[in-house]
Each structure stands twice: as C-alpha cells, then as structure tokens.
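Let's take a friendly walk through a protein fold. Have a look at the sequence and the 3D view before reading on.

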Amino acid sequence: MKFYIATDHAGVVIKESVKAYVISRGHEIVDLGPFNEERVDYPDFAKKCAYSVLEDKGSFGILICGTGIGISISANKINGIRAGLCHDAYTASMCRAHNDANILCFGQRVVGMGVIENMIDAFCDTAFEGGRHSGRVDKIECSFGNNF
C-alpha cells in the first residue's frame, strides 16, 4: 500500500515513528509536511493529503493533529475522501470495513504509539465489506461537493 502522511504542528513529533512503522510493514509513505513544530493550519495539510490520495488511485492517507478532530473534519470536506477519526484498532477496522475510509486520522495528544501501531495494522488488514455498506458510501459521495 502507498500512504500519504501530513500533520499540523501538533502531530509532527509522532510522525517519524508512524512513518517508520508503516515502512516496517512493507508499505510506501510520502511525507507532505510540515517538517518542524512551527505553527501551521491543519486544513492546509489535510487538503494536501486528501488531493494526493484522490490523484493517486488506490493510495491511502494518514492525518495527525492534536486530537485528530480538526484535520479529519477538514479532509472530509473534499469529495471522494472518507477520513475516519480513530481511537483504537476497532474504530480503524470499522472505518475501512463499513465506510471504505481512505484516510486514517488520529490525535498525537490522544493515542500513544502502541495504539497507533494497532490502528495502522487494523486499517491495513481490513477490506471494505461492500454489500449493504456500498449504498451508504454512495450516498456520501453524491451528497457533498468540493467546497474546500
């Protein structure tokens, strides 16, 4: 799998460990920044990641901010993005299985590296179930436009 990763200033510290773990699982990762802890606006980096995922069919994203809330809200403004804010392996698995999520979001201030590793494993190892969930995902795609 190929992942694009981006954060805001509140997600930079954990980003290198996340990248190393994704690579250790045999996946490719592209860092979209930022590259230091100077204050930045999370919507800018959510947008970079979201559009990278959309332009590179079959790829996924990882977005990190302090809580994961702001960056996930921002990413979900982009039509075609289904960014799941996760707090554990179960939510990471369910966002893939039921929502066909293409971006995993979490907060550096909310979860530790052990939980993050479990979420990445669950996200990578879970496929979209389709079936009854397909119609719901289709409704999401038809209901919203690119207003970002």
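What follows describes the sheet, a helix beside it and the nonpolar cores of this predicted model.

**The sheet**

Begin with the strands. Five of them make up an open sheet, and reading across it gives the order β2-β1-β3-β5-β4. The pairing in this sheet is parallel. At the edges sit β2 (28-31) and β4 (83-85), each of which pairs on one side only. On average, neighbouring strands are turned by 25 degrees against each other, direction ignored. Try finding β4 and β5 in the view: three bridges join them in the parallel sense. Gly84 is opposite Leu104, a residue of β5.

Now add a helix. α1 lies across β1, β2, β3 and β5, and runs at about 155 degrees to β2.

**The cores**

The largest nonpolar core has 23 residues. Those touching the most other members are Phe3, Val18, Ile62, Phe106, Ile116, Ile120 and Phe123. Each element in this table supplies at least two residues of that core.

| Element | Residue range |
|---|---|
| β1 | residues 2-7 |
| α1 | residues 12-24 |
| β3 | residues 60-65 |
| α4 | residues 89-97 |
| β5 | residues 103-107 |
| α5 | residues 113-125 |

Which element gives the most to this core? That is α5, with six residues.

For a closer look, pick Ile120. Leaving aside residues up to four places away in sequence, Ile120 touches Val18, Tyr21, Val22, Arg25 and Leu104. Another core, of 18 residues, lies apart from the largest one, and its members include Val53, Cys65, Ile71 and Ile78.

Notes. Residues are numbered from 1 along each chain as its sequence is written. This is a predicted model: local features need pLDDT of at least 70, side-chain atom pairs count only at pLDDT 80 or more; totals for chains, interfaces and linings use all residues. Side-chain values use heavy atoms; hydrogens and water are left out. A nonpolar core is a set of buried Ala, Val, Leu, Ile, Met, Phe, Trp, Tyr and Cys residues joined through side-chain atoms within 4.5 Å. Buried means under 20% relative accessible area, exposed over 50%, partly exposed in between (1.4 Å probe, protein chains only). Helices (H or I, at least four residues) and strands (E, at least two) are DSSP runs, numbered from the N terminus. Contact means heavy atoms within 4.5 Å. Two strands pair if DSSP finds at least two bridges between them. Axes are lines fitted to C-alpha atoms, for helices over the stretch in contact, and angles run from 0 to 180 degrees between N-to-C directions.
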